[in-house]
Amino acid sequence: MESTTLSFANLHNHGELFANFMRARRQSFIVHKKWNLPEAMGMEYDQYDTPASRWLAVHEYGQVLGGLRMTPTTARCGIYSYMIRDAQRGLLDTIPSDLLDFEAPVDTHIWEVTRGFVMQSVPASIRRGVHARMVNEMARTAREYGITQMLALLPTNWSRWAARCRLDMSPAGRVMDIDGIDYQAVTIRFATTMH
């Protein structure tokens, strides 16, 4: 099992991995979760998939097992910045604008994590291993880019696995029902792993 952080600068070094990652996102979010999201050529994407973002893929023999997207809070693309901030600014009608207890930050050391998934086809026996690879690669990427904190919008069971994954996480907003699932904005701190 491998983990790779993809960027527009290194996609050419990884063959079909990025396309397979976007296909896996479509399978996870559009096919399995039935989210109404843009898609083309069998891939799911949105306005935050820009050269500013990074995509973390956990994969084995070319097959994507899981992954996530990381976007700097300083990102800009037209009227959009990053998902949590844009929701707070009322630009996204599917996410409540009062999701954060504070004003969404714009800071080079704070990034957002979105579109996290583990494929349904991943056997239960290795799911924890996939999660561990994702967390380790996220921490490695945080060190590489000088990220001290990340924001994420997660299902409320985040507290159960945060300690197991050794992540310093805390709530950053109220619990919200989105499509019948309780979500909450959280802060993930990496300062302790920066030494």
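# Notebook: a walk through a predicted chain

**Entry 1, Pro38.** I started at Pro38, which sits in the loop between helix 1 and strand 2. The model is a predicted one, and I kept that in mind throughout. Is Pro38 buried, exposed or partly exposed? I found a relative accessibility of 35%, so Pro38 counts as partly exposed. Next I listed its contacts, leaving aside neighbours within four places in sequence: Pro38 is in contact with Ile30, Met43, Glu44, Tyr45 and Asp46. I also looked up a distance to Arg26, which is 12 residues from Pro38 in sequence; the two C-alpha atoms are 9.1 Å apart.

**Entry 2, Lys34.** I stayed in that loop, because Lys34 also belongs to the stretch between helix 1 and strand 2, and at 67% relative accessibility it counts as exposed. The backbone caught my eye here: phi of Lys34 is positive, near 65 degrees, in a residue other than glycine. Lys34 comes just after helix 1.

**Entry 3, helix 1.** Going back along the chain, I looked at helix 1 itself, residues 17-32. Which of its residues are buried? My list reads Leu17, Phe18, Ala19, Phe21, Met22, Ala24, Arg25, Ser28, Phe29 and Ile30. Ile30 is already in these notes as one of the contacts of Pro38. Then I asked what covers the buried residues of helix 1. The cover includes strand 1, strand 2 (39-40), strand 3 (43-44), strand 4, strand 5 and strand 6.

**Entry 4, strand 6.** Strand 6 came up as cover for helix 1, and I picked two of its residues. Thr114 has its place in strand 6 and is buried, with a relative accessible area of 5%. Not counting residues up to four places away in sequence, Thr114 touches Leu68, Arg69 and Met83. Arg115 is found in strand 6 too. Buried or exposed? Arg115 is buried, at a relative accessible area of 11%, where the cut-off for buried is under 20%. Its phi is near 55 degrees, a positive value in a residue other than glycine.

**Entry 5, helix 3.** I then turned to helix 3, residues 124-145, and checked its length. At 1.5 Å a residue, its 22 residues should span 32 Å, and the end C-alpha atoms are 32 Å apart, so the two values agree. The buried residues of helix 3 are Val130, Met134, Val135, Glu137, Met138, Ala139, Thr141 and Ala142. A reminder I wrote in the margin: an α-helix has 3.6 residues a turn, so residues three or four places apart point the same way. Where do these buried side chains of helix 3 pack? They pack against strand 1 (2-6), strand 4 (54-60), strand 5 (63-72), strand 6 (110-118), strand 7 (149-155) and strand 10 (181-189). After the helix comes Gly146, with a positive phi near 70 degrees.

**Entry 6, Thr156.** Further along, I stopped at Thr156, in the loop between strand 7 and helix 4 (158-162). Its relative accessible area is 29%, so Thr156 is partly exposed. Which residues does Thr156 touch, not counting those up to four places away in sequence? I noted Val175, Asp182, Tyr183 and Gln184. For a distance across the chain, I took Val186, which lies 30 residues from Thr156 along the chain; their C-alpha atoms are separated by 9.4 Å.

**Entry 7, the whole chain.** Last, I zoomed out. The secondary structure comes to 4 helices and 10 strands, and along the sequence I read the pattern β-α-β-β-β-β-α-β-α-β-α-β-β-β. How does the radius of gyration compare with that of a compact globule? For 195 residues such a globule would be near 16 Å, and the chain has 16 Å, so the values agree. Along the principal axes, the C-alpha atoms fill a box of roughly 45 × 40 × 35 Å.

Buried residues make up 49% of the 195 residues. Of the contacts with a separation of 6 or more, 63% are between residues 24 or more positions apart. The chain exposes about 9,800 Å², and carbon and sulfur atoms supply 51% of that area. As a closing check I looked at charge: there are 21 positive and 20 negative charges, and their mean positions are 5 Å apart.

Notes
Residues are numbered from 1 along each chain as its sequence is written. This is a predicted model: local features need pLDDT of at least 70, side-chain atom pairs count only at pLDDT 80 or more; totals for chains, interfaces and linings use all residues. Side-chain values use heavy atoms; hydrogens and water are left out. The expected span of a helix is 1.5 Å times one less than its number of residues. Buried means under 20% relative accessible area, exposed over 50%, partly exposed in between (1.4 Å probe, protein chains only). Contact means heavy atoms within 4.5 Å. The radius of gyration is taken over C-alpha atoms; the globule rule is 2.2 Å times the number of residues to the power 0.38. Accessible areas come from the Shrake-Rupley method with a 1.4 Å probe; for residues, only the protein chains shown count as cover. Lys and Arg count as positive and Asp and Glu as negative; His and the chain ends are not counted. The place of a charge is taken as NZ of Lys, CZ of Arg, CG of Asp or CD of Glu.
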